[in-house]
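Please open the structure in your viewer and display it as a cartoon, with side chains available for selection. The tour proceeds by selections, each followed by a description of what is to be found there.

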Amino acid sequence: MFKTHFDHSADGVDAQNAILHFQLSASSILGLPAMKLSAAQRWAQLAHKTDQSQILEAYHTIIHLISQVAGLEKPVQNRYTNLINISELSSSAAAAAIDLGRHDLALEWLEQGCCLVWNQLNDLHTPIDGLHEHNPTLANDIVRVSMALQNAASRTESTAYMEETNMATKTSLQEQAHTHIKLAQEWEQLLIKVRTIPQFADFLCPASCSTILKNIPNSGHVIVVNVHKDRSDAILLTSGTEEALHIALPEFSYNMAAALRRDLKILLHNSRIRIRGDENDASRGSRSYMQGIADILRQLWTFVVKPILDGLGYFVPASNLPRIWWCATGPLAFLPIHAAGIYTASKSTPGTYTTLPDFEISSYTPTVLSLVKKNQNLQEINPEKVGLLMVSQPDTPELPCIPGTALEVGTIRQLLTEHQIQYLTLESGDAEVDRVKEQMDSYSCIHFACHASQNTTMPLQSGFFLYNGQLELSEIIKKRIVGADLAFLSACQTSTGDEKLSEEAVHLAGGMLAAGYRGVVATMWSIKDSFGPKFAEEFYKNLLSYEADRNIDSKRLSADGAAHALHYSTLQIRKTLDNSETSLLTWVPYVHFGI
């Protein structure tokens, strides 16, 4: 009512009364989280117009309520559904915080609001060795409830079956939902108990900006790029610094990012890049030609990457290239930042460096904290598990043949044999879903060479096509793979993600990280079947060379050198190519996530 009066009268008293009303509604202990979140959004919107002193408190409430709207008591798919219309609220909160000079708060809110479901899953996987030494009973309860919550998360809501199921089934589904709610409540009570122990007072609490900065990997920078309708900014995090560095990106707008994303999608669609190949086109979901990628990379360089490199003081390449981990929001999360540059001779001055790979080794991370945790929680890998599981599907039933996958794993097998590294190959009929899931627990590294798909309607049903069915993302994220190290996903669309959930990183690469792998090599779109073997060969050669140069155990593979290996194998491949659209398509889709 007060808001309506204010809209007509522009009276400040009506605005203050409306703000108070929204504040009370959003902060009430009663009511559905979705309704309280709606009130908090209206509170923030009105505060923007009339009382900026209220903005930070309003967005603080919004960030808190987002986690309730997608709470642990809900199945994972329902959490994603609930987030579809609100997933960009954390980006809005960050933009507001930056506008008010609170760069630290912007980072904290992005960490709490982005990749919410991944964060929940990672929390359930948190190592508790220290807690077990202090209070074994409490630690065992944490493990028991976390495993039960993971299993319950895959259930289907009973409302989906109301019309076609009998009463007994409906009752069973309702009991499952009730049990799930009780588990979520027990989990919250257990967290409260753990936090009463002084040395665990911060157990699974949101991390502060200062805490994050203290634990950034010391081999480079983490760059968070927030793209919002009001403004675009980069937040630069470097180990050993006390504050985050802010770089405004005034020439890069949300609309520009959305247009680039739309153009890329159209290019891929028109070139059949997202469509699995037919018998006359032996590609993993693609033909080998697309137009316009060079212009997209040029704009990313000009308006995003170059201003950031200038802010870091990188005007010429260093002799020892640093690492950069990119963490982007909005439409930018779907664009190939790692390959930004000017690749056309007419637009590049001879002797100047105009591509990002000239300056650094790129990786991506869904959130900064997920990278920090993987950097902190280094596990000793059981010697019996050290090795590579290779899954090859050259002739998956009812899908186009991709014979290059057999050559690919054969090439890798030869390299591993020369270095006395143990491996297991599951090919064609041997690569059935249950067997692959079982063997994933027995090897520290995995290489998929097969068809894969991204299901944008039901993202957790995205997966790898094996001989007798699909290994879905929902199954992968339920696994607790102890000692998981490196995953190479030599398939199409393994880091594509869902456009409706741009802040959630719902893709196969994210799933492998959630399952415990420290590093993942994936693809942003389809790869040519004829090219896969050569790229894989260069990658593993560089990885083994990296480990030999650093006196790493010569009889194992490690995720530690994966980003380095991908970078330099790409450079090797590029030496055999020109800068045509076809050539850019060949190497640009390969990306690295994690350590």
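The stops below cover helix packing, two loop residues and salt bridges. The model is predicted.

**Stop 1: helix 6 and helix 7**

Select residues 89-99, which form helix 6, together with helix 7. The axes of this pair lie 8 Å apart and meet at an angle of about 175°. An angle over 145 degrees counts as roughly antiparallel, and helix 6 and helix 7 are therefore roughly antiparallel to each other. Next, show the side chains of the contact. Helix 6 contributes Ser-90, Ser-91, Ala-93, Ala-94, Ala-97 and Ile-98, while helix 7 contributes His-103, Leu-105, Ala-106, Trp-109, Leu-110 and Gly-113. Eight of these contact residues are nonpolar and four are polar, with no charged residue in the contact.

**Stop 2: helix 4 and helix 7**

Keep helix 7 (residues 103-113) on display and add helix 4 (residues 55-69). Here the axes come within 10 Å and cross at roughly 20°. Angles under 35 degrees count as roughly parallel, and helix 4 and helix 7 are therefore roughly parallel to each other. The crossing of helix 4 past helix 7 is left-handed. Which residues make the contact between helix 4 and helix 7? On helix 4 they are Leu-56, Tyr-59, His-60 and Ile-63, and on helix 7 they are Leu-105, Trp-109 and Gln-112. This contact comprises five nonpolar residues and two polar ones, again with no charged residue. Leu-105 and Trp-109 of helix 7 thus appear in the contact with helix 4 and in the contact with helix 6.

**Stop 3: Cys-115 and Ser-428**

Move on to Cys-115, in the loop between helix 7 and helix 8. Its phi is near 50°, a positive value in a residue other than glycine. Is Cys-115 buried or exposed? Its relative accessibility is 2%, so Cys-115 counts as buried.

Then select Ser-428, in the loop that runs between strand 8 (423-427) and helix 17 (433-440). Ser-428 likewise has a positive phi, near 50°, without being glycine. Its relative accessible area is 15%, and Ser-428 is buried.

**Stop 4: salt bridges**

Side chains of opposite charge can pair when their charged atoms come close. The structure holds 15 salt bridges, and several are visited here.

Select Asp-123 and Lys-373, whose closest N and O atoms are 3.3 Å apart in a salt bridge. Asp-123 belongs to helix 8 (residues 116-124) and Lys-373 to helix 15 (residues 368-376), so the pair ties together parts that are 250 residues apart in sequence. Both partners count as partly exposed, Asp-123 at 23% relative accessibility and Lys-373 at 25%.

Turn next to helix 14 (residues 293-312), where Lys-306 and Asp-310 lie four residues apart, about one turn of the helix. Their salt bridge places the closest N and O atoms 2.8 Å apart. Lys-306 is partly exposed, with a relative accessible area of 29%, and Asp-310 is partly exposed with a value of 29%.

Helix 20 (residues 532-549) holds Glu-537 and Lys-541, also four residues apart and about one turn of the helix. In this salt bridge the closest N and O atoms are 3.2 Å apart. Lys-541 is partly exposed, its relative accessible area being 39%.

For the last selection, show Asp-485, Arg-518, Arg-556 and Asp-560 together: these four side chains are linked in a network of salt bridges.

Definitions and conventions:
Residues numbered from 1 in each chain as written. Predicted model: local features only at pLDDT ≥ 70, side-chain atom pairs only at ≥ 80, totals over all residues. Heavy atoms only, no water. Axes fitted to C-alpha atoms, helices over the stretch in contact; angles between N-to-C directions. Helix = DSSP H or I, 4+ residues; strand = E, 2+ residues; numbered from the N terminus. Parallel < 35°, antiparallel > 145°, perpendicular 65-115°, else oblique. Left-handed = near helix turned anticlockwise from the far one by under 90°. Contact = heavy atoms within 4.5 Å. Nonpolar A, V, L, I, M, F, W, Y, C, P; charged D, E, K, R; others polar. Buried < 20%, exposed > 50% of the residue type's maximum accessible area, 1.4 Å probe, protein only.
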